[in-house]
Structures are given as C-alpha cells and as structure tokens.
Amino acid sequence: MEVTSLREPKMADRVAAALRRMFIRGEIAEGTMLPPESDLMERFGVSRPTLREAFRVLESESLIVVKRGVRGGAQVTRPQTGTLARYAGFLLEYEQVTLREVWEARAALETPMVRQLAERRDRVALAELERSVDSEPQDFHAAIVRLSGNRTLQIVADMLHHVTEKACRALRTDAPGDQAGKRAARTHHAVLDLIKAGDAEKAGEIWHRHLDRAEDLQLTAAELATVVDLLG
C-alpha cells in the first residue's frame with residue numbers, strides 16, 4: 001500500500017479536528033460563514049479535495065451546513081441532540097437493545113429530576129414549568145429536563161427522549177387518541193401542583209407512572225418490543 005493513499009484522509013481528519021476545536025471553544029461563532037475554500041486551503045496547506053473531505057466530516061457531525069451556489073459556503077451550526085441520538089441509535093440497534101429498555105432508562109433519569117424540582121421549589125423554575133404545562137406535551141418534558149441543573153444529565157435525557165420519539169414515529173401505525181392526550185395533560189398539571197407543593201415523593205411516583213403508561217401506549221406493535229429501529 002502506498003503511503004500517499006493514507007495521507008489525504010488523515011490530513012482531512014486533522015483539518016476537521018482543528019476547525020472543530022475552534023467551533024467548540026467559541027473562536028468561530030455559531031452562524032458564521034467560514035472563509036472561502038481558497039483561503040482555508042492556503043491556511044491549512046491542503047488541496048481542495050482534502051478540505052471538502054474535512055467539510056464532509058464536520059457536516060456529518062452537524063457542526064457545519066454546506067450551502068451550494070454563488071453565495072454558498074460552509075456555515076457553523078450548533079451540535080444537535082438528534083446527531084447524538086442517531087449514533088446512539090446505531091449502537092442500540094447493534095446491541096439488540098429494546099425500546100422498552102430505553103424507556104426504562106429515560107424514567108430512571110427523569111423521575112429524580114421531578115423529585116429534585118419539588119425539593120427546590122425554585123420560583124424561576126416553577127414559572128417556566130407553568131408556561132410550558134399547557135403547551136405541547138414534549139415541551140413540559142423538555143422543561144423538566146432542562147431545569148434539572150445538570151447539563152450532562154440533560155444531554156443524555158434529551159438523547160433518550162429523541163430516541164423514543166423517533167422510533168415511535170417510525171414504527172407507530174396510529175397516533176395517540178385525544179383521550180391519551182387529555183390524560184397526559186391532566187398528569188402534567190397534577191405533577192406541577194405536587195412540585196409547587198413540595199411533595200417530591202408523590203411527584204416522582206406519578207411521573208414514573210406517567211412514563212410507564214406512555215411506554216405501554218407506544219409499545220403496542222409487536223415490532224416495538226424487539227430491537228430499536230431508527231434507520232427506516
């Protein structure tokens with residue numbers, strides 16, 4: 001094997017790593033258009049194919065969006081939870097993980113978050129929960145996770161939520177009925193009342209039961225009880 005056959009991909013990875021560090025450190029802000037290809041080629045001392053390979057790596061990571069046309073170029077974007085969920089989904093599939101197991105992990109993370117919110121009874125957090133409780137159901141779930149105060153747990157919980165939602169959209173034949181939606185809304189209000197009252201144990205218990213019920217509703221098809229399917 002010739003050494004030159006390894007040089008281009010390796011250099012592309014180096015360029016991608018250098019740009020990635022700049023994005024993460026905030027040296028290049030979100031929304032910024034990267035300099036023209038000719039400038040970047042000169043800066044890194046690479047060919048156009050190598051630079052474009054680096055762009056493909058960063059685009060697959062949702063760190064840039066490449067726009068075509070006269071006013072095109074590479075624009076820096078914020079990493080998305082969906083990117084993490086997609087790769088996690090591949091691993092879950094490979095490991096033959098069931099969707100039920102993902103639901104169980106989600107409940108294990110979200111239930112303590114609800115208890116913690118009830119224990120703290122922070123006025124700012126309560127106000128945000130009040131605003132989200134009458135919105136879409138996923139907004140209230142997202143608010144609970146966001147207000148947990150632990151960004152690592154937030155990222156993991158967001159990823160698990162994304163996995164369950166994507167899998168259920170891909171495999172569900174019928175959307176949840178109105179009654180299920182109304183029942184979820186009532187539960188959200190009940191949990192919020194318990195959080196405001198500071199009843200951490202009861203709030204956590206009802207939230208865990210709520211997630212169990214949602215899991216049962218979405219695991220109606222036989223295929224949902226087997227391997228997580230996110231690649232459809």
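**Exercise 1. Find the order in which helices and strands follow one another from the N terminus.**

Step 1. Start with the terms: helices are DSSP runs of H or I with at least four residues, strands are DSSP runs of E with at least two, and both are numbered from the N terminus.
Step 2. Read along the chain, and the elements run α-α-α-β-β-α-α-α-α-α-α-α.
Step 3. Check the tally: the chain has 10 helices and two strands.

A word on the model: it is predicted, so local features need pLDDT of at least 70 and side-chain atom pairs count only at pLDDT 80 or more, while totals for chains, interfaces and linings use all residues. Residues are numbered from 1 along each chain as its sequence is written, and side-chain values use heavy atoms, with hydrogens and water left out.

**Exercise 2. Work out which rings form the aromatic pair, and how they are arranged.**

Step 1. The structure holds one aromatic pair. Rings of Phe, Tyr and Trp (its six-membered ring) pair if their centres lie within 6.5 Å; planes under 30 degrees apart count as stacked, over 60 as edge-to-face and the rest as tilted.
Step 2. The partners are phenylalanine 140 and tryptophan 207, and the pair is edge-to-face because the ring centres are 5.9 Å apart and the planes stand at 65°.
Step 3. Phenylalanine 140 belongs to helix 7 (residues 137-146) and tryptophan 207 to helix 10 (residues 200-218), so the pair ties together parts that are 67 residues apart in sequence.
Step 4. Now look at the cover. Buried means under 20% relative accessible area, exposed over 50%, and partly exposed in between (1.4 Å probe, protein chains only). Phenylalanine 140 has 0% relative accessibility, so this residue counts as buried. Tryptophan 207, at 0%, counts as buried too.

**Exercise 3. Decide whether glutamate 128 is buried or exposed, and list its contacts.**

Step 1. Go to helix 6 (residues 123-132), where glutamate 128 is found.
Step 2. Its relative accessible area is 18%, so glutamate 128 is buried.
Step 3. Contact means heavy atoms within 4.5 Å. Setting aside neighbours within four places in sequence, glutamate 128 touches Arg146 and Leu147.

**Exercise 4. Do the same for isoleucine 24: is it buried or exposed?**

Step 1. Isoleucine 24 sits in helix 1 (residues 4-24).
Step 2. With a relative accessible area of 65%, isoleucine 24 is exposed.
Step 3. For a distance to try yourself, take leucine 63, 39 residues away along the chain: the C-alpha atoms of isoleucine 24 and leucine 63 are separated by 9.4 Å.
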